[in-house]
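I opened the notebook to record what I looked up, one topic at a time. The sequence and the model come first.

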2 protein chains.
Amino acid sequence: MKEGPDIAQIGALIGDPARANMLAALTGGRALTATELAAAGGITLQTASTHLSKLETGGLLAQRKQGRHRYFTLADEAVARLIESMMGLAASRGHLRHQPGPKDPALRKARICYDHLAGDYGVRMLDSLVASGSIDAIGDGLAVTPKGESDLQSIGIDVGSLKSSRRPLCRACLDWSERRTHLAGTLGKALLSNFMEKGWARRMPESRSVVFSPEGERQFLKLFPVES
Amino acid sequence: MKEGPDIAQIGALIGDPARANMLAALTGGRALTATELAAAGGITLQTASTHLSKLETGGLLAQRKQGRHRYFTLADEAVARLIESMMGLAASRGHLRHQPGPKDPALRKARICYDHLAGDYGVRMLDSLVASGSIDAIGDGLAVTPKGESDLQSIGIDVGSLKSSRRPLCRACLDWSERRTHLAGTLGKALLSNFMEKGWARRMPESRSVVFSPEGERQFLKLFPVES
DNA sequence: TTCATACTTCGATCGTAACCGAAGCATTCT
DNA sequence: AGAATGCTTCGGTTACGATCGAAGTATGAA
């Protein structure tokens, strides 16, 4: 009767509110310490410790000891994608953790999703890359064109070197606020890093949101125009 | 602090073993009654009833009353995809419900995934369609080529009429037993229906497995060859 | 060495939810 | 009408796990 993999274990791990909040915090892509995660989950350090060890033995988290700190991250991109897709489903079923507050708009505009740009700006960027012929899209599949390769080179991204990674170059990631896809994978990561190196954008501490400088925003919008 | 959709609710719904088993059973695509689902979950009818109402108010299930029966299905394809992707993650982390038993081989060979063919045969079919140039694949994105459209027409599938559906024509679905993708979407559904109409294959009752007749198997393997 | 910080383990409490027996509706069959 | 089937609701039990205080370990700083 019982056959196949055990969904319930993973579901139960994500099903606890404290753990879910910790996982959501880690979707920000940054490695966080047990103490920070305890705060994110709204629980004491002891409780967080037991939760974290459960998540780790369950294969959802990876940890890295550094001095007397212990840094946790999501185990890999597959976990991040699962979390984001659950967020998408939850949003579409109206399961919200709280009513849209004042901090929400910034988050909807631009935020980190694991290691790449999400939100309105993330979706806009992918749309623009596809419209300009830099990326080929078939459904949810994405691939860089020769034109895209040279365009990206000119803004300081070497696509060739990114290809050597075992992780896929392009990946479509569903955006829960926009309900459309944005660009993930090593290219998505490289683009965001590029913006931050140029000083166009920076991360807000303690949050997933990404803010653009006035000049950075101007450049970004010029680089990724949308017809309409 | 708390922002975005509530993953924990969905996680908790899937996190109970009885509910997880019922959801996995519904991944078979067939509408099942409360009594059947109780058996699938290994619980009594009363308990199943409360579980089912929770799943329904949580937006994971849809129900349809018919006479004195109440038929349940997964709410939509998004839920089915979530379940399958959790199975993939669970399998990759080694969370198995039981050791591979004697009934497993048939299931690994060919089974139903929501409404299309999965397992070894499902993966083989997509590989072959891509190799023959009937389907273009970029990463996880799939699209039918003009050649594919005429090839499919010749075996009795009208791609044009399938396109009118709101649901995507082609969709890559991760296969948890093969760890590769197979073909979902309306085309995946149409192909499986086609095989069953021709008498090549039929579903086993009370199971997700699909068995081919000797003749059907011969035809299938001839239609979808693999180079090796 | 001593103190402080970061985290884990132990032990006990407490709440929730899964569970089933029994009774209650609703629908269909005879 | 009465009987049977399919499912839901109620009530009470039980068990599991989330929680935190307190004590224990490890790393680094003074």
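My entries below cover the chain symmetry, the DNA contacts, the aromatic rings and one arginine.

**Ground rules.** I worked with a predicted model, in which local features need pLDDT of at least 70, side-chain atom pairs count only at pLDDT 80 or more, and totals for chains, interfaces and linings use all residues. Residues are numbered from 1 along each chain as its sequence is written, chains are lettered from A and ligands numbered from 1 in the order in which they are written, and side-chain values use heavy atoms, with hydrogens and water left out.

**Symmetry.** I asked how chain B superposes on chain A. A rotation of 180° with 0.0 Å of shift along its axis does it, at an RMSD of 0.2 Å. That is the relation of a two-fold axis. The fit is by least squares on the C-alpha atoms of residues with pLDDT of at least 70 in both copies. Gly141(B) comes closest to the rotation axis among the residues of chain B, its C-alpha being at 1.7 Å. The same surface serves both copies, since 100% of the contact residues of chain B recur in chain A. Contact here means heavy atoms within 4.5 Å.

**DNA strand D.** I then asked which residues are closest to DNA strand D. I found 20 residues around the strand, the closest being Gln46(A), His51(A), Lys54(A), Thr35(B) and Ser49(B). A residue counts as near if one of its heavy atoms lies within 4 Å. Of the strand D atoms within 4 Å of the protein, 70% belong to sugar or phosphate and the rest to bases. H4(A) gives the most to this surface, with 4 residues. Helices (H or I, at least four residues) and strands (E, at least two) are DSSP runs, numbered from the N terminus.

I noted polar contacts next (N or O pairs within 3.5 Å; within protein, one must be able to donate a hydrogen and the other to accept it, and residues adjacent in sequence count only if both atoms are side-chain atoms). The side chain of Ser49(B) has an N or O atom 2.5 Å from a phosphate oxygen of DNA strand D. For a polar side-chain atom of Thr47(A), the distance to a phosphate oxygen of the strand is 2.8 Å.

**Aromatic rings.** Rings of Phe, Tyr and Trp (its six-membered ring) pair if their centres lie within 6.5 Å; planes under 30 degrees apart are stacked, over 60 edge-to-face and the rest tilted. I have 14 aromatic pairs over all chains. Tyr121(A) and Phe220(A) are stacked, 5.0 Å centre to centre and 5° between the planes. Tyr121(A) lies in helix H7 and Phe220(A) in helix H11, so the pair ties together parts 99 residues apart in sequence. Both residues, Tyr121(A) and Phe220(A), are buried. Buried means under 20% relative accessible area, exposed over 50%, partly exposed in between (1.4 Å probe, protein chains only).

Phe195(B) and Phe224(B) are edge-to-face, with centres 6.1 Å apart and planes at 70°. Phe195(B) counts as buried because its relative accessibility is 0%.

**Arg203(B).** Is this residue buried or exposed? Arg203(B) counts as buried, because its relative accessibility is 17%. I placed Arg203(B) in strand E10 of chain B. Its side chain reaches the backbone oxygen of Gly28(B) at 3.1 Å.
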